Amino acid sequence: MQKKQRWWLMILLVILLAAGTFWPLPVYLETVGSAQNVAKYVSVAQQRDRKPGKLMLTYVELARATPFLYLASFFDQNSSRIPSNQITGGGDNQEFDLVQKYYMETAINQAKISALKLAGKSFKQQFQGIYVLSILKNSEFKNKLQVGDLIQRIDGKSFSSLTGMTNYLAGKKANQTVKVNYLRQGSSKIAHGKIVVLPGTKRHGIGISLVEKTSVTSKSQIKANMDGIGGPSAGLMLALQMYSQLSQRNLKAGRKIAGTGTITASGQVGQIGGIDKKVIAANKAGATIFLSPAGKSNYREAKKTAKRIKTKMKIVPIKNLTQAVNYLAHTR
């Protein structure tokens, strides 16, 4: 009898251990990531930048919590616990990965445009279609379209912008059926569904969050292979690397320079998340300069973190690409 009890106890302990180690909680843990040399991702005119020094993008590590990891996170002052719906928007991991991939593709395009403009180089921006970013619960296309699909035509009509398509849909009556031609992983498909009233508005649409998908081409042939890194926050550092190579200006001057921030086509730098962890990652990588978005919340948090970890790394607030270039060019 005692032997049976011991076996049951062992089985119970194994089950508890497995659950504590592998059972996914509805929480993500955001921790300190890494700082990576952008030059290893970017090429201009089929050439890599091999000059001394580094322009480094920074990122956070994001992982689904398990019971043991969740408990351990309270002993790590650099770990943040974030409800899963704030990370995935209620979607699954595949949808989350697709959205992050889109954000990175957009960051690359915006970085290309801002760098080409500042370097005085010509380029072409080509509209490719409307990218499905999320699908609302009341949409008739809920189980027809998927995140990542690329809408090309509606009712046989092509559009050159997201505005043109949304205006066309807004002119339709509720419950009117529309035909959507789209691409999924390169294959052409068709879906039909009814127009709905968009939640919280009086506007009509197909109940899908949509964004433009474009490509940027130039004689300079800029390429960026960001495999494994998602999100928009590498925009500033990508733009700096691209501009440095396009203009042949040595912005690094042998230094290790890290930073973060979204970038727009006009070169404006925007706010990002997890900047405290990115400052720590940059410091661990030996950076002497950290370029932070100039907005109060990001810059204040970056300065606060730098003071907490007692780093000599200089925190520099940046509003736009031109300001970042001028700072690096005139500060040696």
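**Figure 1. Crossing of helices α4 and α9 in the predicted model****.** Angles under 35 degrees count as roughly parallel, those over 145 as roughly antiparallel, those from 65 to 115 as roughly perpendicular, and the rest as oblique. In this predicted model, the axes of helix α4 (residues 93–118) and helix α9 (residues 321–330) cross at roughly 60° and come within 11 Å. The two helices, α4 and α9, are therefore oblique to each other. The crossing in which α4 passes α9 is right-handed. On the α4 side the contact is made by Ser-114, Ala-115 and Leu-118, and on the α9 side by Leu-321, Thr-322 and Val-325. Sorted by class, this contact of α4 with α9 holds four nonpolar and two polar residues, and no charged residues.

**Figure 2. Packing of helix α4 with helix α6****.** Helix α6 (residues 235–247) packs with α4 at an angle of about 40°, and their axes are 8 Å apart. That angle makes α4 oblique to α6. The crossing of α4 past α6 is right-handed. From α4, the residues that take part are Met-104, Ala-107, Ile-108, Ala-111, Lys-112, Ser-114, Ala-115, Leu-116 and Leu-118; in α6 they meet Gly-235, Leu-238, Ala-239, Met-242, Tyr-243 and Leu-246. The class count for the contact of α4 with α6 is 12 nonpolar, two polar and one charged. Ser-114, Ala-115 and Leu-118 of α4 appear in the contact with α6 and also in the contact with α9.

**Figure 3. Crossing of helices α7 and α8****.** Helix α7 (residues 275–284) and helix α8 (residues 296–308) have axes that come within 8 Å and cross at roughly 45°. The pair α7 and α8 is therefore oblique. Helix α7 passes α8 in a crossing that is right-handed. Helix α7 contributes Ile-275, Asp-276, Val-279 and Ile-280 to the contact, while α8 contributes Asn-298, Glu-301, Ala-302, Thr-305, Ala-306 and Arg-308. By class, five nonpolar, two polar and three charged residues make up the contact of α7 with α8.

**Figure 4. The six-stranded open sheet and helix α8****.** The strands follow the order β4-β1-β3-β14-β17-β18, and their pairing is mixed. Strands β4 (80–83) and β18 (314–318) are the edges, each pairing on one side only. From one strand to the next, the twist averages 35°. Within the sheet, strand β3 (residues 54–64) and strand β14 (residues 256–259) run parallel and are joined by four bridges. Lys-256 in β14 stands opposite Lys-54. Helix α8 lies across β17 (289–293) and β18, and its direction is at about 180° to that of β18.

**Figure 5. The salt bridge between Lys-277 and Glu-30****.** Side chains of opposite charge can pair when their charged atoms come close. Here Lys-277 forms a salt bridge with Glu-30, and the closest N and O atoms are 3.4 Å apart. The pair links distant parts of the chain: Lys-277 belongs to helix α7 and Glu-30 to strand β1 (residues 27–37), with their positions 247 residues apart in numbering. In total, the model has six salt bridges.

**Figure 6. Strand β5 between two antiparallel partners, β12 and β6****.** Strands of a sheet pair through backbone hydrogen bonds, either parallel or antiparallel. Strand β5 (residues 124–135) runs antiparallel to strand β12 (residues 208–217), to which 10 bridges join it. Gln-125 has Val-216 in β12 as its bridge partner. Strand β5 also pairs with strand β6 (residues 150–154) in the antiparallel sense, over two bridges. In that second pairing, Ile-151 in β6 stands opposite Ile-130.

**Figure 7. The β8–β9 hairpin****.** Strand β8 (residues 177–184) and strand β9 (residues 187–194) run antiparallel, with eight bridges joining them. Gly-193 in β9 is the bridge partner of Val-178. Two residues lie between the strands of this hairpin, and Gln-185 in the turn has a positive phi of about 50°.

How values were computed. Residues numbered from 1 in each chain as written. Predicted model: local features only at pLDDT ≥ 70, side-chain atom pairs only at ≥ 80, totals over all residues. Heavy atoms only, no water. Axes fitted to C-alpha atoms, helices over the stretch in contact; angles between N-to-C directions. Left-handed = near helix turned anticlockwise from the far one by under 90°. Contact = heavy atoms within 4.5 Å. Nonpolar A, V, L, I, M, F, W, Y, C, P; charged D, E, K, R; others polar. Pairing = 2+ DSSP bridges. Salt bridge = Lys/Arg side-chain N within 4 Å of Asp/Glu carboxyl O.
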